[in-house]
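Q: I should like to learn how to read the contacts in a structural model. May we work through one case together?

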Amino acid sequence: MFSNKENFKRSFLEKLQTMYAISLEESSDSERYMVLGSLVRDYVSKNWVKTNKHYLQDGVKQVYYFSLEFLLGRMLESYLINLDIKDMCKEALDELGIDYNNIIGQEPDPGLGNGGLGRLGACFLDSLASLNLPGHGCGIRYRYGLFEQKIVNGYQVELPDNWLKKGNVWEVKKAEKAVEVRFGGDVKIGTVNGKMTFIHENYHSVMAVPYDTPIVGYKNNTVNTLRLWSAEVAQKDFDFQAFSKGDYLKAVEYKYSMEAISQVLYPDDSYVQGRLLRLKQQYFFVSAGIQSIVRRYKKKHGSLENFADNISIHINDTHPVLAIPELMRILMDEEGLGWDDAWQVTTNTVSYTNHTTLSEALEKWPVDMFKGLLPRIYMIVEEINKRFCQEMINKYPKHSQPIDKVAIIHDGHIRMANLALVGSYSVNGVSRIHTELLKKHVLGVFYSIYPYKFNNKTNGVTHRRFLIKANPKLAELISDTIGSSWIYHPSDLIVLRNYANDKSFQEEILKIKQDNKKKLAMLIRRQNGIDVDISSIFDVHVKRLHAYKRQVLNVMHIMDLYNRLKDNPNWDITPRTFIFGAKAAPAYHLAKETIKLINSVADVINNDKTINDKIKVVFIENYNVSLAESIIPAADVSEQISTASKEASGTGNMKFMMNGALTIGTLDGANVEIKEEVGENNIVIFGLNALEVQNYYYHGGYKAMDIYNSDERVKRVIDQMVNGFLLTPQEEFKALHNHLLYHDEYFVLKDFSSYVEAQCKVDNTYKQREKWLETSIINIAHSGKFSSDRTIGEYATGIWKVSPVVID
Ligand code: 26W
């Protein structure tokens, strides 16, 4: 059906007829999208079956990437690119009089993740398949993804993200592969033939039903699987509840409460709230995933022998850490292994990635809550803890303190990171500086116990989505200039360095950037009603809203620029458009206040005719993967200004450099490695470094008020937040104002002057057109290291020990 345009057109019209019984003229774009989608899915299914067969027959080692979040973004065009049929489809649709971009735009953007961690999971799936690696995703099929953000009168308003409204063409429901997951109840301990048995009774059960989505590799026939689980109460269980217990309404309530498990993604990023439903979600998908892996393994191997040699389970942060006790439970209670054997298998199977150093993001669950919901799992965690603590006491008989730090159960809580460290064979951070901080501080005691478990895997992003798909003109120019080997070997981008000073290449780079800026300007015009000048610097700050990411520092610089322009209207700064996009967790008040602050500053500045449009401020609502793909290729400047030591890696920084933006940033996360790659002249670094930040935390010595009192510019800006300057009630930004002055834990005021200086450098560089373009090209040339293909290659050899399987 995709062999040539004529076949494709015929298949398209036929499918339109069979699916909707309408003619082309009568069909809507949404129907046309569904038709193209189902054609693509049919086309993929042949290789999907083949890939699965290969994996099963050859018995090759499989990796399962467990993650509570997969932030996939739209899939259609990615499939077309990876299947190498995009151009053909585009032309054929054109011949049918159908606008390709309208069709692509029909797809809902599945927001099954919050931010960096979820998007990393999606990039990893793309790289696994593209590197021919047998690796699959396991997660939850949320009925509602991350909320849709509307900005109303400058405030964030959250609306439900009903992404399944029109159905989802990519998924295949596998009802017969459903498994049961049990909650609550009690555990009866007995003995059979001298062996202890654990019988779980009086539990509530829910069916976990898998929905599979194909993950297509780049031009290589590999089709891996993302399996997302949905909670459903089977009809027979519903009837049983209703009739045998004689209470119909109770039965409805039961169904409703059990199915709530997969209803909604928690919108918290880096802040743990300890809700029962979230714990249910975590156990739900982990239990379902492991049951299905074990079932498949037994189907192939007959027994569980050599399990760890053939299966790798990777946990994306601690959210899936119950994989450890769940695998223990299945091995012991269902497969009859003894503790030591089960422990051996488990700890050789599970590996763990840490994504944050923030203490408020380290998961802990109250023992009572945990025990009530998961009685058998609790017994296992208790036993793991007991044995581990005993081992520590034997090892360090004189010290009680390390035991307090490393115990899994402590102070009425279960510490999930500790469980992950004890129960896995590998723990990695996501950038070099992050891993070093884990070893030195956050997980320091564990590092002294298990130094061999620690390793670094610097993050990456898929260049197929964030360069080839998002910036096709740039991808084409690169291939025309240095050949297309970089697509398979992103490190080949380095050849572009030879063209960094090439005038005609520079001009072409500039033209592409200007085209992308024009498109973004149109989007801003449509969405915000604001006209922006495409010859101004597009200075972009897009990511989740969090105090440590310091959107406020950016705003303070904008306010200061504005003040200086008002004082000196002839100041010849390069015009700048400051672009923001960010969702705030609905309960995170300071973050929401920051959104209102950005919009209030925008109102004042954008409506002031006296500054001659030299600065504009734009907040683009509902930042998501699709918007990222439009915004990033249009950026001149990439804002990566977190307080040093707080951003584990960042991945937006990589997407921007890949598209030729200049980074202004702190020495935090992967910025450190970006600087190393491009050299200090091709990135603008400012602010405290991680060591200086740590020193202030340990020894004190910083008072924001001193800076307020000594720096006129800071005083003016801080005062403007509360003195009516922003045309809002004076209390509006009171909390933010107080936070900056009295609890400036993220050193916003401290880094202010250094940031202003850095921004001045950005302005100067932009004025030197050739230097600017050279820098832009050097950034692209060095972005190869930050392809997730490199990262996944390192996971495959360094942690999972899996090898490619070629599907012919
Ligand atoms: C609800 C609790 C919670 C806690 C932590 C939710 C989500 C988290 C994540 C760990 C937050 C997260 O997304 N971390 C980001 O992971 C990216 C991928 O490794 C990194 O690039 C970011 O620096 C890191 O903040």
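Q: How many residues surround the ligand, and which are the closest?

A: The model is predicted, so to speak of its conventions at the outset: local features need pLDDT of at least 70, side-chain atom pairs count only at pLDDT 80 or more, and totals for chains, interfaces and linings use all residues. Residues are numbered from 1 along each chain as its sequence is written, and side-chain values use heavy atoms, with hydrogens and water left out. A residue is near the ligand if one of its heavy atoms lies within 4 Å of it. Here 21 residues surround the ligand, and the closest are His355, Asn459, Glu647, Ser649 and Gly650.

Q: Which polar atoms lie by an oxygen atom of the ligand?

A: A polar contact is a pair of N or O atoms within 3.5 Å; within protein, one must be able to donate a hydrogen and the other to accept it, and residues adjacent in sequence count only if both atoms are side-chain atoms. The side chain of histidine 355 places an N or O atom 2.6 Å from a ligand oxygen. For the side chain of tyrosine 548, the corresponding distance is 3.2 Å. Serine 649 contributes a polar backbone atom, 3.0 Å from an oxygen of the ligand.

Q: What is the area buried between domain 1 and domain 2?

A: The size of an interface is often given as the accessible area lost when the parts come together. The value is summed over both parts, with a 1.4 Å probe. An automatic or database assignment gives domain 1 (59–74 + 109–424) and domain 2 (463–688 + 747–786). About 2,700 Å² is buried between them, and carbon and sulfur atoms give 51% of this area. With contact taken as heavy atoms within 4.5 Å, 37 residues of domain 1 touch 32 residues of domain 2.

Q: How many salt bridges are counted between domain 1 and domain 2?

A: Side chains of opposite charge can pair when their charged atoms come close. The criterion is a side-chain nitrogen of Lys or Arg within 4 Å of a carboxyl oxygen of Asp or Glu. Between domain 1 and domain 2 the count is 2, while a search of the whole structure finds 50. Arginine 464 and aspartate 126 form a salt bridge through their side chains, at 2.8 Å from N to O.

How values were computed
Buried area is the accessible area (1.4 Å probe) that two parts lose on being put together, summed over both.
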